[in-house]
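Reader: Could you walk me through a few features of this model? I would like to learn how to read each of them.

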Amino acid sequence: MKIIVMPVGPIQANCYLLCDEGEKRCAVIDPGGEEERIIRAVKDTGCAPCALLLTHGHYDHTGGVAGLQEAWPEVPVYLNCRDQHQDARMWQLCPPIDRAKSYDEGDVIPVGSLRVEVLATPGHSGGSVTLKCGDCLFTGDTLFAGSCGRTDFPDGSMKAILASLKRLGELEGDWKVLPGHMEDSTMETERRRNPFMMQAMGKGYFG
C-alpha cells in the first residue's frame, strides 16, 4: 500500500492517492480541485483509478470530481447520501455530485487487493465518514492533528462530532491519522494531546 498526499484547491484540502502497487489500482480520496494535477499524479503512479472516495460533501473536498468524472467516466464516485442535499440553499457548501453512489457504516470498497472500510463519523457534516484501510484512517474534517472540524454549518453538530471523536479514539491500537487539512498524526498522539478528543473520551482538556 502506497499513499500520496496532495494539498489541492483554494483551501489546500488534502487529496490522497491510495495505491495498491501490486495490482496497479488506486483510489482518489477527496479530490478538492486541480483535477489536471491529480490526473498527472495518478498517471505517474502507474495505477488505474478505480474509485473516487469522498469523506464528506463540502466543496473544498469535491471541487475536482466533475473534471475527474469527465476524464474517467467509468470510475464510480462514493459519497454518503446525507451530504447530497435536495435544498438548493446548501449547494454552495455541498455542491451536487452527479452519479454519486452512497456509502455508509460498514460498507467496504475494494481498491485492488486493499479493502477500504467506511465508518460513519458525522458532526462536521451530516454525512461525514472516516475511511479505514490497513493501519490508516482518512478522517476528512472530523479529526485534525490537535483539533477537529468546525460544526457551525447548517448540518454540523458539536454533540455528533464529539461522539465521532470518541468512537475513533476508542478504536483498539494505534492508527496513522490522515486528515482533510494540514499535517498527519497518530491516534495515540491525538488521544494524549487533542483537547477535543480528550473531552470526547471524558479525559478533560489537555494542558
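Author: We will go through salt bridges, a strand residue and two backbone angles. Keep in mind that this is a predicted model.

Reader: Let's begin with charged pairs. How many salt bridges are there?

Author: The general idea is that side chains of opposite charge can pair when their charged atoms come close. Here the count comes to ten salt bridges. One of them joins D87 and R89, whose closest N and O atoms are 2.9 Å apart. Another links K166 with E170, at 2.7 Å from N to O.

Reader: Are the partners D87 and R89 buried, partly exposed or exposed?

Author: D87 is partly exposed, at 32% relative accessible area, while R89 is exposed, at 74%. As for the other pair, K166 is partly exposed at 35%, and E170 is partly exposed at 49%.

Reader: Where do R191 and E188 lie?

Author: Both are in helix α5, which covers residues 187-193, and they sit three residues apart, about one turn of the helix. Their side chains form a salt bridge, with 2.9 Å between the closest N and O atoms. R191 has a relative accessible area of 10%, so this residue counts as buried, the cut-off being under 20%. E188, in contrast, is partly exposed at 35%.

Reader: Now for a residue in a strand. Which residues does M6 contact, apart from its neighbours within four places in sequence?

Author: M6 belongs to strand β1, residues 2-8. With those neighbours set aside, M6 is in contact with A13, N14, C15, L17, R37, I38 and A41. L17 is eleven residues from M6 along the chain, and 8.2 Å separates their C-alpha atoms.

Reader: Is M6 buried or exposed?

Author: M6 is buried, with a relative accessible area of 5%.

Reader: Let's finish with the backbone. What is the phi of R99?

Author: As a general guide, most residues other than glycine have a negative phi. R99 has a positive phi, near 65 degrees, and is not a glycine. This residue is in the loop between β5 (77-78) and β6 (100-101), and R99 is partly exposed, at 49% relative accessibility.

Reader: And where is M182 found?

Author: M182 is in the loop between β13 (176-179) and β14 (185-186). Its phi is positive too, about 65 degrees, although M182 is not a glycine. At 55% relative accessibility, M182 counts as exposed, whereas R99 is partly exposed.

Note on methods: Residues are numbered from 1 along each chain as its sequence is written. This is a predicted model: local features need pLDDT of at least 70, side-chain atom pairs count only at pLDDT 80 or more; totals for chains, interfaces and linings use all residues. Side-chain values use heavy atoms; hydrogens and water are left out. A salt bridge is a side-chain nitrogen of Lys or Arg within 4 Å of a carboxyl oxygen of Asp or Glu. Buried means under 20% relative accessible area, exposed over 50%, partly exposed in between (1.4 Å probe, protein chains only). Helices (H or I, at least four residues) and strands (E, at least two) are DSSP runs, numbered from the N terminus. Contact means heavy atoms within 4.5 Å.
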